[in-house]
Amino acid sequence: MLDIPENAIKCFEKWSRTSVTVFDFSTFFSPTLPQSRNWHLHRSCELAKLADNSRQCVQIDRQTMKQEIWHYRQGCLKICHRNLLEWVVPVYSQEKLLCILEAGIRRPKPGAVYDIPTFQVPADPPGILCPEVPEVDVEEARMVMEGLRQLAAR
């Protein structure tokens with residue numbers, strides 16, 4: 001029974017070609033998930049964390065998103081200060097925020113107009129380019145968002 005959340009996440013990751021981070025504010029999920037689920041492990045994110053000593057990333061993920069997610073109850077795209085895109089969906093029990101699921105990463109496709117609410121973090125000056133991170137088109141953005149919503153409902 002305890003392996004159900006991790007198995008569901010792995011299925012989503014394989015299908016979406018993303019990785020999922022779980023910010024557990026309730027401590028309900030943490031005992032059932034590996035510690036690695038609590039932190040982004042993307043190579044490009046790690047480079048950004050080295051550049052700013054991870055302060056800004058932690059601030060955005062664990063504090064800013066926790067405050068802002070109430071505006072995005074059905075989820076949103078988050079474009080971080082390094083111009084990397086993630087899908088974000090909150091998990092609630094009634095009105096209590098249990099956790100936030102974040103899946104990613106991609107780069108926004110230049111000129112793409114996403115029809116999903118987007119939370120844009122003020123960008124840093126260019127410094128770390130991530131050409132190895134694939135761009136996301138509008139159709140993939142929609143599909144992954146729906147998949148993450150279904151994972152959150154599970």
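This section describes helix α1 and the salt bridges of the structure. The model is a predicted one.

Helix α1 comprises 13 residues, from 4 to 16. Its first and last C-alpha atoms are separated by 18 Å, close to the 18 Å expected at 1.5 Å a residue. The helix is followed by R17, a residue with a positive phi, near 60°.

The buried residues of α1 are E6, A8, I9, F12, E13 and S16. When the helix is viewed down its axis, these buried residues fall within an arc of 160°, and they therefore line one face of α1. An α-helix has 3.6 residues a turn, so residues three or four places apart point the same way. The other side of α1 carries C11 and K14, both of which are exposed. The cover over the buried residues of α1 includes strand β1 (19–24), strand β4 (96–108) and helix α4 (138–153).

Eleven salt bridges are present in the structure. One of them joins E6 to R37, with the closest N and O atoms 2.9 Å apart. This pair links distant parts of the chain, since E6 belongs to helix α1 whereas R37 is located in the loop between β1 and α2 (43–52), 31 residues apart. Both partners, E6 and R37, are buried. The pair also belongs to a wider arrangement, in which E6, E13 and R37 are linked in a network of salt bridges. Of the residues in this network, E6 and E13 are among the buried residues of α1.

A second salt bridge is formed by the side chains of K78 and E102, at an N to O distance of 3.1 Å. Here too distant parts of the chain are linked: K78 is in strand β2 (residues 76–79) and E102 in strand β4, 24 residues apart. K78 and E102 are both buried. Strand β4, which contains E102, is also among the elements that cover the buried residues of α1.

A further salt bridge connects D115 with R142, and its closest N and O atoms are 2.9 Å apart. Because D115 lies in the loop between β4 and β5 (118–120) and R142 in helix α4, the pair ties together parts that are 27 residues apart in sequence. R142 has a relative accessibility of 39% and therefore counts as partly exposed. Helix α4, in which R142 lies, is likewise included in the cover over the buried residues of α1.

Definitions and conventions:
Residues numbered from 1 in each chain as written. Predicted model: local features only at pLDDT ≥ 70, side-chain atom pairs only at ≥ 80, totals over all residues. Heavy atoms only, no water. Helix = DSSP H or I, 4+ residues; strand = E, 2+ residues; numbered from the N terminus. Expected span 1.5 Å × (residues − 1). Buried < 20%, exposed > 50% of the residue type's maximum accessible area, 1.4 Å probe, protein only. Arc of directions from axis to C-beta. Contact = heavy atoms within 4.5 Å. Salt bridge = Lys/Arg side-chain N within 4 Å of Asp/Glu carboxyl O.
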